[in-house]
Amino acid sequence: MWVYYGVVKPNSILVATVNGFGAVLELVYVIIFLIFAPPRARAITAVLFGVLDVVLPVAAVLITQLSCNREMQITIAGFLSLLFSVLTYGSPLSIMKTVVRTKSVDYMPFLLSFILFINGLTWTVYAVLTRDWFIGIPNGSGFVLGTAQLVLYAMYWKPEKSKRTSSDDGCQTENLIAHSAPLLDKNESRAEA
């Protein structure tokens, strides 16, 4: 929908090209997923992709092209793009709730949160410069949600603990000897044979 919005709105070639590139990457990702996914996940994903990424956008483009003037096309494409973007940016809310409840960021990848923050910031700045509220509203909310995720990360991130099997009293050496003793016995018995 953002590609269509960038095409129908004058002077929005950047919106069309950036989102066109994103759509190609999404298509590649979905194809790879469909190749390697289990049959049930493959079927569900294929249906969702077909309905949400093919049928709905094609129907919106055809209906607006055949029955609406240019201003109405811009408004409909902008509103649908805004709606889908808000839903996309809002999807991590359940993960944020889990982070607060568990006081752990194990379920919220840092890189995804950081990219959400940068993407929201970049497009919000673009929206302010071009005075485009269809771009500004969803990306402004994405910037706020990305910021909230980074704040949660700062609050609940804990460095991973070392996975040593020893205690502070020096038992590591004893554990090493205890675990290698059966190996030594086997090797000694092989050498004797």
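This is a guided tour of a predicted model, moving from pairs of packed helices to the largest pocket.

**First stop: H2 and H3**

Begin by selecting helix H2, residues 13–36, together with helix H3, residues 39–67. Their axes come within 9 Å and cross at roughly 155°, and since angles over 145 degrees count as roughly antiparallel, H2 is therefore described as roughly antiparallel to H3. The crossing in which H2 passes H3 is left-handed. To see what makes the contact, show the side chains of Glu26, Leu27, Val30, Phe33, Leu34 and Ile35 on H2, and then those of Ala41, Arg42, Thr45, Ala46, Phe49 and Asp53 on H3. Coloured by class, this contact of H2 with H3 shows 8 nonpolar residues, 1 polar residue and 3 charged residues.

**Second stop: H3 and H4**

Keep H3 on display and add helix H4, residues 70–90. The axes of H3 and H4 come within 9 Å and cross at roughly 160°, which makes H3 roughly antiparallel to H4. Here H3 passes H4 in a right-handed crossing. Select Leu56, Ala60, Thr64 and Gln65 in H3, and you will find them meeting Gln73, Ile76, Leu80 and Phe84 in H4. By class, the contact of H3 with H4 consists of 5 nonpolar and 3 polar residues, with no charged residues.

**Third stop: H5 and H7**

Now hide the earlier selections and show helix H5, residues 93–102, with helix H7, residues 133–156. The axes of these two helices, H5 and H7, come within 11 Å and cross at roughly 20°, and H5 and H7 are therefore roughly parallel to each other. Their crossing is left-handed. On the H5 side, the residues to pick are Leu93, Met96, Val99 and Val100, while H7 contributes Leu145, Ala148, Gln149, Leu152 and Tyr156 to the contact. Sorted by class, the contact of H5 with H7 has 8 nonpolar residues and 1 polar residue, and no charged residues.

**Last stop: the largest pocket**

Finally, switch on a pocket surface and go to the largest pocket, in which about 1900 Å³ of space lies. To centre the view, select Trp2, Asn19, Gly22, Glu26 and Thr88, which are the closest to the pocket centre of the 46 residues that line it. Glu26 also belongs to the contact between H2 and H3 visited at the start.

Which helix gives the most to the lining of the largest pocket? H2 does, with 11 residues. Helices that each supply at least two residues of this lining are H1 (2–8), H2, H3, H4, H6 (110–130) and H7, so colouring them separately is a convenient way to follow the wall. By class, the lining of the largest pocket has 33 nonpolar, 11 polar and 2 charged residues.

Key:
Residues numbered from 1 in each chain as written. Predicted model: local features only at pLDDT ≥ 70, side-chain atom pairs only at ≥ 80, totals over all residues. Heavy atoms only, no water. Axes fitted to C-alpha atoms, helices over the stretch in contact; angles between N-to-C directions. Helix = DSSP H or I, 4+ residues; strand = E, 2+ residues; numbered from the N terminus. Parallel < 35°, antiparallel > 145°, perpendicular 65-115°, else oblique. Left-handed = near helix turned anticlockwise from the far one by under 90°. Contact = heavy atoms within 4.5 Å. Nonpolar A, V, L, I, M, F, W, Y, C, P; charged D, E, K, R; others polar. 1 Å grid on protein atoms, 1.4 Å probe; cavity = no way out; pocket = protein on both sides within 12 Å on 5 of 7 lines; lining within 4 Å. Points joined across faces, edges and corners; volume = space filled by probe spheres on them.
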